[in-house]
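Student: I've got a new model open and would like to go through it with you. Can we start with the empty space inside and then move on to the packing and the backbone?

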Amino acid sequence: MTPDHGPEVLRYTAFSADPAGGNPAGVVLDASGLDEERMLAVAAEVGYSESAFLTGRTGEGAYTIRYFSPKAEVPFCGHATVATALALAERDGPGELEFATAAGQVPVSVVREGGELRATLTSVVPQVEETTAADLAEALAALDWAATDLDPALPPRISYAGARHLVLAAATRERLADLDYDFARLEALMHRLDLTTLQLVWREGPELFHVRDPFPVGGVVEDPATGAAAAAFGAYARELGLVPEAAVLTLRQGEDMGRPGTLTVELRAGDARVRVGGTGARIS
């Protein structure tokens, strides 16, 4: 805590080594004296899609963590986890960390590659479920997409790897780039289905995808680089047999927002969990 008893808020971007790219997050390394109301107020003041708060230390490299958007608490946030891990690594050095989240235990490994730190989180065990025709129709209506705008090779699903995301695949890059949706209508649907974002994807190659994540329930139009959704998408892609059981996927996100970032998604044979990694940078 700072001398005026307010929290020190660090600002990091995740999934880009350029502070102007990736997804920025607020990071409070000592939130032990903050209640839920104060954490929400700090997140709203910071104004990023999410901020992370370390509320306690449970062991060597082990912490309890909470995540808040400007509007609400979320159970898990990938980019804020990466940002927090990088902040700790800059303070204490690279190594192994473990975060106790509302969704479960999330290990994070931080290594130095050349001159950059890179953090890789391991998700909780994921789940993939079908969506109803009515819910899909409502999502398309809110997005102003036609059914023909979808890629039939990547069917809609709700996927979870710490938070729930509706995965919708665009048939063309142009469809993905043209995002202009009904904020209130999509927000209402997402609240009803307990969704954190929509994971909109376009497949450029066998293991290369472009993604966008509308985030009205968090109070922002779009999330620039979404680690939790990347983990959910990795589970989705494997569950549907779109990629091998062991694979490394590259997700490009933020390009249409002017904040390009890269998320690496690793799937391992015999392990249901999904690993999501990337670089980051402190925002001065």
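Student: How many cavities of 30 Å³ or more does a search of the whole structure find?

Tutor: Bearing in mind that this is a predicted model, the search of the whole structure finds one cavity of 30 Å³ or more, and its volume is about 40 Å³.

Student: Which residues line that largest cavity?

Tutor: The lining is made up of E50, F76, C77, G78, H165, T196, T197, D223, T226 and A228, and by class it has three nonpolar, five polar and two charged residues.

Student: And what volume does the largest pocket have?

Tutor: The largest pocket has a volume of about 230 Å³, and it is lined by 16 residues, with E73, D194, L195, T196 and V217 lying nearest its centre. Both β5 (73–74) and α5 (183–193) supply at least two residues of that lining, which divides by class into nine nonpolar, four polar and three charged residues.

Student: Switching to packing, how many residues are in the largest nonpolar core?

Tutor: The largest nonpolar core has 57 residues, and those with the most contacts inside it are F99, V108, V110, F233, L249, L251 and V276. A second, separate core has 25 residues, including L136, W145, L150 and L198.

Student: What does F233 touch?

Tutor: Leaving aside residues up to four places away in sequence, F233 touches V167, Q199, V201, F209, L249 and L251. F233 is also one of the buried residues of α6, a helix that is mostly covered, with twelve of its 13 residues buried.

Student: What span should α6 have, and how far apart are its end C-alpha atoms?

Tutor: Helix α6 covers residues 227–239, and at 1.5 Å a residue its 13 residues should span 18 Å, which agrees with the 18 Å between its end C-alpha atoms. The helix is followed by G241, whose phi is positive, near 70°.

Student: Which way does the sign of phi go for F15, positive or negative?

Tutor: Phi of F15 is positive, near 75°, although the residue is not a glycine, whereas most residues other than glycine have a negative phi. F15 sits in the loop between β1 (10–14) and β2 (23–28).

Student: What about D144, what is its phi near?

Tutor: D144 also has a positive phi, near 65°, and is found in the loop between α3 (133–143) and β10 (157–160).

Student: Is D144 buried or exposed, and is F15 buried or exposed?

Tutor: D144 counts as exposed because its relative accessibility is 60%, over the 50% cut-off, while F15 is buried because its relative accessible area is 1%, under the 20% cut-off.

Methods. Residues are numbered from 1 along each chain as its sequence is written. This is a predicted model: local features need pLDDT of at least 70, side-chain atom pairs count only at pLDDT 80 or more; totals for chains, interfaces and linings use all residues. Side-chain values use heavy atoms; hydrogens and water are left out. On a 1 Å grid over the protein atoms alone, a cavity is a set of points where a 1.4 Å probe fits but cannot get out, and a pocket is an open set with protein on both sides within 12 Å along at least five of seven lines; lining residues have an atom within 4 Å of a point. Grid points are joined across faces, edges and corners, and a volume is the space filled by probe spheres set on the points. Ala, Val, Leu, Ile, Met, Phe, Trp, Tyr, Cys and Pro count as nonpolar, Asp, Glu, Lys and Arg as charged, and the others, Gly among them, as polar. A nonpolar core is a set of buried Ala, Val, Leu, Ile, Met, Phe, Trp, Tyr and Cys residues joined through side-chain atoms within 4.5 Å. Buried means under 20% relative accessible area, exposed over 50%, partly exposed in between (1.4 Å probe, protein chains only). Contact means heavy atoms within 4.5 Å. Helices (H or I, at least four residues) and strands (E, at least two) are DSSP runs, numbered from the N terminus. The expected span of a helix is 1.5 Å times one less than its number of residues.
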